[in-house]
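Visitor: I should like a close look at the salt bridges of this structure. Which side chains meet in them, and where do the partners lie?

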Amino acid sequence: HHRGSVAVNQSDILSVADDALPSVGIMIPTNSRPEFVAHALLQISKQAYPKHKLLSITIIDDSPAHLRVGELKPGKQTHLGLPVEYVVLDSVVSIGKKRSLAADRLKKGGAAAIVHWDDDDLYGADRLRTQLAPIARGEAEVTVLQHTHTYFMADDQLVAATTPRGPAALADWGPHFGTLVYKATVFGAADFPDASEAEDYGFAQRAVEGGARLQLVTAPAHVP
């Protein structure tokens, strides 16, 4: 359902001046993985993106109390120099519901673009610029990264997505919809299914069906 693929090089990324880059809100839905959230925030703090354009990192957490992020308190705060909003839910909801809650908060908070940052993903420092450059240039309303590698924590292995590993071979997934970045106006015109599997793909499909241009960015910047 995507509408184009583009290889991005450093000159493409740097061709967009800081002033032309959109303000950004980042969502992190999570459950019972406080150490992963802490690492995600560390990665975000190292992004090569204008810091004044990072309006909020909104974390939606439906973990039990003993598995919440200990370094954070509910509400808005500054953490690692980042504007963080930590939202704690009283009951467990679907990932789609958590994404909808986060996107609504980020859009109402004034973010021009919304970024998905799953707590267990690994990105290079230019991830935000890589995916937001096509949006800033007016080439797309939605961007998604090519799935390139998977990291297996148990045996400390980084494996290319096309490499078979044991009985369950890794497929060439193509677009990884957990990496969605989109103009905030796309949310509302499209919403997330109330589900915890393929809810990001469902949102992207609805967005494209509604006329949004989706661009697959083939840059080696994502490791689930």
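Guide: The account below takes the salt bridges one pair at a time and then turns to a surface patch.

This is a predicted model, in which local features need pLDDT of at least 70 and side-chain atom pairs count only at pLDDT 80 or more, while totals for chains, interfaces and linings use all residues. Residues are numbered from 1 along each chain as its sequence is written, and side-chain values use heavy atoms, with hydrogens and water left out.

A search of the whole structure yields 10 salt bridges, a salt bridge being a side-chain nitrogen of Lys or Arg within 4 Å of a carboxyl oxygen of Asp or Glu. One of them joins Asp 119 to Arg 33, with 2.7 Å from N to O. Asp 119 belongs to the loop between β6 (113-116) and β7 (122-123), and Arg 33 to the loop between β2 (24-30) and α2 (34-45), so this contact ties together parts that are 86 residues apart in sequence. Helices (H or I, at least four residues) and strands (E, at least two) are DSSP runs, numbered from the N terminus. Asp 119 is buried, at a relative accessible area of 3%, whereas Arg 33 is partly exposed, at 30%. Here buried means under 20% relative accessible area, exposed over 50%, and partly exposed in between (1.4 Å probe, protein chains only).

A second pair is Lys 98 and Asp 62, whose side chains meet at 2.9 Å, N to O. Lys 98 sits in helix α3 (residues 95-108) and Asp 62 in the loop between β3 (54-61) and β4 (75-79), so that distant parts of the chain, 36 residues apart, are linked. Lys 98 is buried, with 4% relative accessibility, and Asp 62 is buried at 4%.

Helix α3 also contains Arg 99, which pairs with Glu 199 of helix α6 (residues 199-209), so parts 100 residues apart in sequence are tied together. The closest N and O atoms of Glu 199 and Arg 99 are 2.8 Å apart, and both residues are buried. Elsewhere, salt bridges with shared partners join Arg 33, Asp 119 and Asp 120 into one network.

The surface patch is nonpolar: Leu 122, Tyr 151, Met 153 and Leu 158 make up about 370 Å². Patches consist of residues with over 30% relative accessible area and no salt bridge, with like charges joined within 9 Å and nonpolar side chains (Val, Leu, Ile, Met, Phe, Trp, Tyr) within 5 Å; accessible areas come from the Shrake-Rupley method with a 1.4 Å probe, and for residues only the protein chains shown count as cover. Leu 158 lies in strand β10 (residues 157-160) and is exposed, at 53% relative accessibility.
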